[in-house]
Amino acid sequence: MQIRPEQPKDESAIRDVLTQAFHPSKGESSLVDQLRQQNAFTLSLVAVIDEVIVGHLLFTPATIVPQTPIALAALGPVAVLPAYQSQGIGSQLITSGLNTCQERGYEAVAVLGHADYYPRFGFVPSIEFGLKCEWEVPEPVFMVKELKHGILRKQEGVVKYLPAFSEL
Ligand SMILES: CC(C)(COP(=O)(O)OP(=O)(O)OC[C@H]1O[C@@H](n2cnc3c(N)ncnc32)[C@H](O)[C@@H]1OP(=O)(O)O)[C@@H](O)C(=O)NCCC(=O)NCCS
């Protein structure tokens with residue numbers, strides 16, 4: 001399997017991965033299209049097996065309000081074709097994506113997702129750092145991970161995603 005950045009020729013295959021993984025919701029697929037049009041990607045990765053795109057992961061810029069200088073990225077959506085799930089593809093996409101974000105100078109990453117999946121990558125509930133989600137969600141499902149040790153200490157506030165996420 002290869003993990004590599006999205007290329008222009010991948011767009012429809014990525015749409016297919018998102019549509020199948022999040023079925024029946026088409027919101028995630030539309031969201032990614034919209035963000036691509038807005039040139040708003042921090043990092044868009046695909047997982048490829050035998051030239052077939054089987055997984056996709058997106059990072060976008062996020063901010064903390066009140067404003068901080070922290071370089072924060074939001075992880076998601078992440079999707080793997082149903083037939084390829086539970087084979088470690090999502091994990092490899094996430095691990096590779098977190099490493100690239102760190103190499104590019106990002107200091108922390110936020111994620112809204114399964115509370116029993118993301119802790120294995122070092123995510124902890126954001127509330128442990130006094131950080132809240134901008135949407136009303138159960139506390140355990142909104143998580144953060146420091147890429148620079150100690151960067152989120154004493155950073156109370158609300159994590160804001162790009163506006164397109166609020167339409168999902
Ligand atoms: C979540 C997802 C990206 C994980 O990708 P994957 O390649 O299947 O993941 P991995 O093989 O690396 O890891 C498998 C683990 O994911 C866990 N997982 C998958 N879906 C899950 C869910 N809905 N809730 C909690 N854990 C989940 C599995 O339980 C499995 O755990 P285990 O290793 O303890 O058995 C993939 O299952 C998917 O596309 N799901 C549908 C879309 C989705 O929910 N995206 C994430 C939104 S937060």
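In this predicted model, the cover over the buried residues of helix H1 includes H2, E2, E3 and E4. The residues of H1 that are buried are Ile 14, Val 17, Leu 18 and Ala 21. Viewed along the axis of H1, these buried residues lie within an arc of 95°, so they line one face of the helix. The spacing fits a general rule. An α-helix has 3.6 residues a turn, so residues three or four places apart point the same way.

The elements around that face of H1 can be followed into the interior. The largest nonpolar core contains 44 residues, and those with the most contacts inside it are Ala 73, Val 109, Ala 110, Val 111 and Val 144. Two or more residues of this core come from each of helix H1 (11-21), helix H2 (27-37), strand E2 (43-49), E3, E4, H3, strand E5 (108-112) and strand E8 (142-146). E4 gives the largest share of the core, seven residues.

Ala 110 serves as an example of the packing. Leaving aside residues up to four places away in sequence, Ala 110 touches Ala 62, Leu 72, Ala 74, Ser 126, Val 144 and Val 159. Of these contacts, Val 144 is also listed among the core residues with the most contacts.

The next topic is strand pairing around E9. Strand E3 (residues 52-65) pairs with strand E9 (residues 157-160) in the antiparallel sense, over three bridges. Strand E7 (residues 131-133) also pairs with E9, in the parallel sense and over three bridges. Where do the two pairings come together in E9? Val 158 is the bridge partner of Val 65, and Lys 132 stands opposite Val 158 as well.

E4 returns at the ligand. The ligand has 18 residues around it, of which Gln 85, Gly 90, Ser 91, Gly 113 and His 114 come nearest. Strand E4 (72-80) and helix H3 (89-103) are the elements that give two or more residues to this shell. The largest share, five residues, is from E4. By character, the shell is made up of eight nonpolar residues, nine polar residues and one charged residue. E4 thus appears in two settings: it gives the largest share of the core and the largest share of the shell around the ligand.

The backbone has some local features to check. Most residues other than glycine have a negative phi, and most peptide bonds are trans. Two peptide bonds can be set against that background. His 23 and Pro 24 are joined by a cis peptide bond with omega of about 10°, and Pro 24 lies in the loop between H1 and H2. A cis peptide bond also joins Gly 76 and Pro 77, with omega of about 0°. Pro 77 is in strand E4, the strand that gives five residues to the shell around the ligand.

Positive phi values occur at Glu 51 and Lys 154. Glu 51, which is not a glycine, has a phi of about 65° and sits in the loop between E2 and E3. Is Glu 51 buried or exposed? Glu 51 counts as exposed because it has 7 C-beta neighbours inside 10 Å. Lys 154, likewise not a glycine, has a positive phi of about 60°. The loop between E8 and E9 holds Lys 154, and with 7 C-beta neighbours inside 10 Å this residue also counts as exposed.

Notes. Residues numbered from 1 in each chain as written. Predicted model: local features only at pLDDT ≥ 70, side-chain atom pairs only at ≥ 80, totals over all residues. Near = placed C-beta within 6 Å. Helix = DSSP H or I, 4+ residues; strand = E, 2+ residues; numbered from the N terminus. Nonpolar A, V, L, I, M, F, W, Y, C, P; charged D, E, K, R; others polar. Pairing = 2+ DSSP bridges. Core = buried A, V, L, I, M, F, W, Y, C linked by C-beta atoms within 7 Å. Buried ≥ 20, exposed ≤ 12 C-beta atoms within 10 Å, placed from the backbone. Contact = placed C-beta atoms within 7 Å. Arc of directions from axis to C-beta.
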